[in-house]
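Me: Got a fold here I'd like to talk through, mostly packing and side-chain polar contacts. Can you take a look with me?

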Amino acid sequence: MNIRDKKYTIDMTTGPILGKLLRFILPLALSGMLQLFYNAADIIVVGRYAGSTSLAAVGSTGALVNLLVNLFVGLSVGASVITAQYFGARRDEDVSETVHTAMLLGLIGGVIVGVIGLAAARPLLHLMASPDDVIDLSALYLRIIFLGMPAQMIYNFGSSILRAVGDTRRPLYFLAFSGAVNVLLNLLFVIVFDMDVAGVALATIISQILSALLVVQCLMRSDGSFKLRLHGLCIKKDKLFQLIRIGLPAGLQGIVFSLSNMLIQSSVNSFGSVVMAGNAAAGNLEGFIYNAQNSVYQGALTFTGQNVGAKKYERISRICLTSLLTVSTIGIVMGLTAYAFGPTLLGIYDPDPNVISYGMIRLRVFGYTYFLCGVMEVFVGMLRGMGCSFLPMVVSLLGSCVLRIIWIYTVFAVFHTLNILYISYPVSWLITAGTHFICYLVIRKRLIRRAGLPSQSC
């Protein structure tokens, strides 16, 4: 590995954990926030220059997009775990085969998702009870977004490989550049050319193409085991099987999560386009908190994966405790800050007092409880990093998705208010996190017993 690559990678199997974890998650958190800034720029521009209907059209499509992309996003998680384990074990040939299998899989997945999305966008919007004044704009926005799916998937798989070796800085640089392009194109297409939602969608896919090209170039210029050679792209069956073993449960979990979120979005849609706009603005603000917390999840997953590969199981409990304290601090501080400055922040998206009022209903619930989502995801990351993906999928589906669906058809059906609808989230996070904790203790104990080490507590 050359000096340039060593500068960006992190050996997570030795030394203190907190400093390396912070070094890993800070660029990743900033990358996630920049990624979200794409959506924020879309929503802010259409909210201020095209109106609340366009804001609702753009902001209400997230769950539907996630429904179609989450299977391959899960497979990219599998690529990250397998690459991290091989990298920690210093198995260079296996790292290389995983990289080439993952990148080709990402390209194929992007084409598949793009085709399905183009065909299914409008029928799915009908299923979500999208209002008549919103559905045409939403369908147009989605069809353009799905044209950019191959680029998005290539970036997702490429950045997951870089994360596996500890490189979270270069993806940040790529997103910073493409994000600036996205914002400038948003302003140009919407304000100057009056393209409405089509303009923000087009700006988004152009920026995604730039990100994909940059991450591919980065992998091709690397000299380490994760170097990408275009002529070497192929599907290695054993690596594909491992990616599927780890990634498929994660992807299926994401799909069912999206289904439950689509059901909740449909419930929000029943209150009308103004409530949809307020919900979209508040949801976008919460996305910044989620991305910061998700960086800790990625850190827990990658640190655990490298140490499992290196057979340093004694470090797992310290990774767990450090990650839990970090994610809780981030979630509480950011959640309370978002609620305290909610009216001002929501006003950036749409100055309509009614939109702000409805957005604050959501922020009131999520601001105090969002850290529970981070705690839940850290345990999921620990389990996946240890090579266990099916169990957290089952627990998450039952604890979060099924519980939310039951909540909608029982509690929400009786008390038909936004507050009651939103409370389903923290209730499901708390129950699911507790169950994941028990699963984590069982799986970690099994690993330690196999290694002949003394038991530890998280």
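**Buried polar side chains and the cores**

Reply: Sure. Keep in mind that this is a predicted model. To kick off, the Thr 322 side chain comes to 2.8 Å from the backbone oxygen of Arg 318.

Me: Is Thr 322 buried or exposed?

Reply: Thr 322 sits in helix α12, residues 316–340. Beyond its sequence neighbours up to four places away, it touches Ile 17, Leu 18 and Leu 21. Its relative accessibility is 17%, and the cut-off is under 20%, so Thr 322 counts as buried.

Me: Which backbone oxygen lies 2.8 Å from a polar atom of the Ser 428 side chain?

Reply: Ser 428 belongs to helix α18, residues 418–451, and at 0% relative accessibility it counts as buried. Its side chain reaches the backbone oxygen of Ser 424 at 3.1 Å. The 2.8 Å contact is with the backbone oxygen of Tyr 425.

Me: What does Ser 428 touch, leaving out residues up to four places away in sequence?

Reply: Ser 428 is in helix α18, with 0% relative accessibility. Its contacts beyond that window are Gly 399, Ser 400, Leu 403 and Arg 404.

Me: Which helix gives the most to the largest nonpolar core?

Reply: That core has 78 residues, and Leu 64, Phe 146 and Leu 346 are among those with the most contacts inside it. The top contributor gives 13 residues, and it is helix α4 (residues 62–88).

Me: How many residues are in the second, separate core?

Reply: Its members include Ile 10, Phe 24, Val 327 and Ala 433. The count for this second core is 55 residues.

Technical notes
Residues numbered from 1 in each chain as written. Predicted model: local features only at pLDDT ≥ 70, side-chain atom pairs only at ≥ 80, totals over all residues. Heavy atoms only, no water. Core = buried A, V, L, I, M, F, W, Y, C linked by side-chain atoms within 4.5 Å. Buried < 20%, exposed > 50% of the residue type's maximum accessible area, 1.4 Å probe, protein only. Helix = DSSP H or I, 4+ residues; strand = E, 2+ residues; numbered from the N terminus. Polar contact = N/O pair within 3.5 Å; in protein donor to acceptor, adjacent residues only side chain to side chain. Contact = heavy atoms within 4.5 Å.
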